[in-house]
Amino acid sequence: SVWRCLKGAIMTVSEDKFTRQTLLEVRSLTPSLFTLRTTRDPGFRFRAGQFVRLGVEKTDGTVVWRAYSLVSAPHDEFLEFFSIVVPGGEFTSELSRLRSGDELLVEKQATGFLTLDRFPDGRDLWLIGTGTGLAPFLSILQDLEAWQRFERIVLVYSARDRGELAYQELIAELPQREWLEGAGHKLQYIPLVTREQVPGALHARVTTLIENGELERA
């Protein structure tokens, strides 16, 4: 992925490149998955689907940076992120010691090209994500543009077991939002679970389901 080279980077960044935000919530979903929510600087702007680098200051004064896709919508007053715990990972080790009220650094410039302005209009929009790769699609679905430009939106979300299917309440309530003005019927949600049979979910890897045509039939 385009941000893989940034993961775990340790560097000094000029104070004018980031803002200091307050951690509002760290919520553990499973032993390996968590979400975090921070305050948002009034001047911070991003397009749905982009990512931004977060920084945690270590006790020795250095900063560990890692890039995270934004889960929150461009109009939200907070910033939300979805992360996996990396065993022995420097960033998540530092992050795990933080609590609500602690400080997190957020770079001022969001980046990334997984945004709808890079794609032509069409009938169907497929959003296919595994694990924390769901994050940018949740941001896109909380923005009006996708619902205006496409006739049908298919969200495919793959996880190893049912406990790792995150944000199920958000996905379920999204089509009911008033600002969609009835366009919520455009969304079809297809969950995949690879390590166990779960009612209502397909049971195979997404690559297999694409190759054999089962995903498209579903």
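Two strands count as paired when DSSP finds at least two bridges between them. Keep that in mind as we walk through this structure, which is a predicted model.

**A strand with two partners**

Let's start with strand S4, which covers residues 51-57. Six of its seven residues are buried, leaving the strand mostly covered. On one side, S4 pairs with strand S5 (residues 63-69) in the antiparallel sense, and seven bridges join the two. Within this pairing, Val-52 stands opposite Tyr-68 of S5. S4 and S5 also make a hairpin, with five residues between them. The turn of that hairpin contains Gly-61, whose phi is positive at about 95°.

S4 has another antiparallel partner in strand S7 (residues 103-107), this time over two bridges. Here Leu-54 is the residue that faces Val-106 in S7. As a reminder for reading such strands on screen, side chains in a regular strand alternate between the two faces of the sheet.

**Tyr-68 and its aromatic company**

Tyr-68, the residue opposite Val-52, is worth a second look. The model holds five aromatic pairs, and two that involve Tyr-68 are set out below.

| Pair | Centre to centre | Angle between planes | Type |
|---|---|---|---|
| Tyr-68 and Phe-81 | 6.1 Å | 70° | edge-to-face |
| Tyr-68 and Phe-91 | 5.6 Å | 45° | tilted |

What parts of the chain does the pair of Tyr-68 and Phe-81 link? Tyr-68 sits in strand S5 and Phe-81 in strand S6 (residues 78-84), so distant parts of the chain, 13 residues apart, are linked. The pair with Phe-91 ties together parts that are 23 residues apart in sequence, because Tyr-68 lies in strand S5 while Phe-91 belongs to helix H1 (residues 90-96). Tyr-68 and Phe-81 are both buried, and Phe-91 is buried as well. Together, Tyr-68, Phe-81 and Phe-91 make up one aromatic cluster.

**Spaces inside and at the surface**

How many cavities of 30 Å³ or more does the model have? The count is one, and the largest cavity holds about 30 Å³ of space. Its lining includes Val-106, the residue that stands opposite Leu-54 of S4. Also among the lining residues are Thr-19, Arg-40, Asp-41, Phe-44 and Leu-79. By class, the lining of this cavity has four charged, three nonpolar and one polar residue.

Turning to pockets, the second largest has a volume of about 290 Å³. This pocket is lined by 17 residues, and those nearest its centre are Arg-27, Glu-80, Tyr-167, Glu-169 and Leu-170. Strand S2 (18-30), strand S6 and helix H4 (168-173) each give at least two residues to that lining. Its residues divide into seven nonpolar, seven charged and three polar.

**Arg-195 in its loop**

Our last stop is Arg-195, found in the loop between strand S10 (187-193) and helix H5 (206-211). Is Arg-195 buried or exposed? Its relative accessibility is 62%, so Arg-195 counts as exposed, given that the cut-off for exposed is over 50%. Beyond its neighbours within four places in sequence, Arg-195 is in contact with Arg-160 and His-203. The C-alpha atom of Arg-195 is separated by 9.3 Å from that of Arg-205, which is 10 residues away along the chain.

Conventions: Residues numbered from 1 in each chain as written. Predicted model: local features only at pLDDT ≥ 70, side-chain atom pairs only at ≥ 80, totals over all residues. Heavy atoms only, no water. Buried < 20%, exposed > 50% of the residue type's maximum accessible area, 1.4 Å probe, protein only. Helix = DSSP H or I, 4+ residues; strand = E, 2+ residues; numbered from the N terminus. Contact = heavy atoms within 4.5 Å. 1 Å grid on protein atoms, 1.4 Å probe; cavity = no way out; pocket = protein on both sides within 12 Å on 5 of 7 lines; lining within 4 Å. Points joined across faces, edges and corners; volume = space filled by probe spheres on them. Nonpolar A, V, L, I, M, F, W, Y, C, P; charged D, E, K, R; others polar. Phe/Tyr/Trp six-rings, centres within 6.5 Å; stacked < 30°, edge-to-face > 60°.
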